[in-house]
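Here are some questions and answers for working through a structure step by step. Please look over the sequence and the model before reading on.

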Amino acid sequence: MDSKKEAEDSLDTSSAGADSTSTALPEEEKQPSSSTESCQTSSTEAGLLPGETVVREGKAAILFPSANEVFYNPVQEFNRDLTCAVITEYAREQLAQRGVRILIPGEKDRVVVRLSEEKNGREEEDASEQTGNERQMEEEGDKKEFITASVGERCEQGLRVLEGLAASGLRSVRFALELPGLKSITANDYSAKAAALIARNAQHNNVSHILQASQRDASMVMYEARGRKERYDVIDLDPYGSPSPFLDAAVQAVSEGGLLCITCTDMAVMAGNSGETCYSKYGSVSIKSKYCHEMALRIILHSLDQRAAVYQRYIEPLLSVSVDFYIRVFVRVKTGQVVVKNSASKQALLYNCVGCGAFHLQRMGKKMSKGQHMKYSAATGPPVGPSCEHCGQRHQLGGPIWAEPIHDITFVQKVLSAVSGNPTRFKTSKRIEGVLSMVTEELQDIPLYYVLDHLSSTVHCNTPSMLQFRSALLHAGYRVSLSHACKNAVKTDAPAEVLWDIIRCWEKTNPVKRERLSETSPAHHILSKEPTLQACFEIREDANPQSRKRHLTRFQENPQANWGPKARAKAGGRISSELEDKRKQFQGKRKKPITDSSQLKTFPCKKFRKGTCTYGDKCCYSHELEKETEEKMD
């Protein structure tokens, strides 16, 4: 993270953010293409220092230093492509109000081809003629009313962009080369080496007229831009780990209606492994559950809205996605004291049953309309009893979390239309199209979801197909959708008792051995009740979503081993090949208890590492591993 305690010549650990981590790509997207490729360039080439590498992604060619001071993972390209697509549509909306029209290479050509493919004969000629007339009218409109903004050109009425934790500047360089309608881009990093590298990359890609490098604390850059004339239109924060230290400054430094792009990679904290740590960072308690990835999205949205409300501001989520090992949210920030009063009613506490996984939400506040005025009061509750009505187990209390929609479907459809209409613009277009298609199919007013595998495993029966279960819910008169955050998710407005009735009906045709069930188990409690609903498992046509029918790239296999978050970057390239060996050594150590004390010699002595071990050769832990590591590092 950005820290003033680091020496100037040490690389900021936060600059190894999502740009420096990896993300899964579809199988069809693994091979490098002409638009995106990674290559090693000889240090004898002009402008390169000894051992440097040139990485090409999108339209950018980025210089990377030797060793591991900054590392690059091509599988993270999806994150950057999606960000470019979102900012493009945001710029289109914002600049239209300023009298600026942006031009994206390939978009108009794509429209003409699509129209000609859909029309035949005379209809094709009419469509071509109509398209030509529309283009002529647009050109006349451009001359009279609009200013045209092209890619790579500085636009005086354009957007001001800040990347707070820029590392090598790859993301900012891509913004400058691929996004039209930009006035300036500030690529900031606390490290002196990173700032120098950003300046070199800007010059190497001929974007110095748009992109400026900055070497400062990211929070201070944003705090000093709180004035209305100094605010940024777009702020992108992609740190290593948690963005919580920067959120307070970010909600103040973004302009009215500005766009915040936030990444969180501390998923262990947000997914329930450390609820107390999650509360200290985000003001919300995370719990272990099957819906943990969507809950993580709602936790960061809650934190953003809470911090914005301090300054009479509020958020409007445009797009929130859980991808691989991180989450990414795009929110619009606005100001309004009246709307801020609704903030409490947008948050909710969460009651989660530890036995069957049934959950209930309790809003933090309540609002009632009285004519032209709104009356606000405290919410009443709780919505559950001392024990779960389905299985008799206790409840966990989590949250508060954001309980409103996490996407703006109108905006998402614009992004989806632009990406699908210009598929050659991004290498990961197929994956973006698949993820956004699933987002548009989600039930927006239903927070969280159940997982079909977990429902069936709770009663120890085999699992019905997703189409059968979705059909049963539709036959019962309820709505149901999938979720982009989990492959087997069931997002529905049906209450938990309806879900268990469907499972009971399924169990009657696929019986379990009830004599083996403990009387205190959730399965015994659930199956001991007769269903009040007779489920119909006949497959319905509308049970199969369009994204599944079209075989879009929704969920994919991991592209390679150890593709997840990497270790923090360090000056001098001190990350070595021993990192992978260390991971293998400690893999599953909690699942394999040590029964023989001699096995402890395979683990390094922590006290020896600190220089406080007094046992010497009699220590049951190994000192040799530490010595070998030190020798190799020297």
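Q: In this predicted model, which residues does Met222 touch, not counting residues up to four places away in sequence?
A: Met222 is listed among the residues with the most contacts inside the largest nonpolar core, which has 85 residues. Leaving out residues up to four places away in sequence, Met222 touches Leu162, Ile235, Leu237, Phe246, Ala249, Ala250 and Ala253.

Q: From which domains does the largest nonpolar core, with its 85 residues, draw at least three residues each?
A: Among the residues with the most contacts inside this core are Ile300, Leu304, Phe469 and Leu473. The core draws at least three residues from each of domain 1 (75-104 + 146-364 + 378-431) and domain 2 (442-550).

Q: How far apart are the end C-alpha atoms of helix 10 (residues 292-309)?
A: Helix 10 has 18 residues, and at 1.5 Å a residue these should span 26 Å. The distance in the model agrees with this expectation, the end C-alpha atoms being apart by 25 Å.

Q: Is Asp236, the salt-bridge partner of Arg171, buried or exposed?
A: The side chains of Arg171 and Asp236 meet in a salt bridge, at 3.7 Å from N to O. Arg171 lies in helix 4 and Asp236 in strand 9, so the pair ties together parts that are 65 residues apart in sequence. Because buried means under 20% relative accessible area, Asp236, with a value of 0%, counts as buried.

Technical notes: Residues numbered from 1 in each chain as written. Predicted model: local features only at pLDDT ≥ 70, side-chain atom pairs only at ≥ 80, totals over all residues. Heavy atoms only, no water. Helix = DSSP H or I, 4+ residues; strand = E, 2+ residues; numbered from the N terminus. Expected span 1.5 Å × (residues − 1). Core = buried A, V, L, I, M, F, W, Y, C linked by side-chain atoms within 4.5 Å. Buried < 20%, exposed > 50% of the residue type's maximum accessible area, 1.4 Å probe, protein only. Domains from an automatic or database assignment. Contact = heavy atoms within 4.5 Å. Salt bridge = Lys/Arg side-chain N within 4 Å of Asp/Glu carboxyl O.
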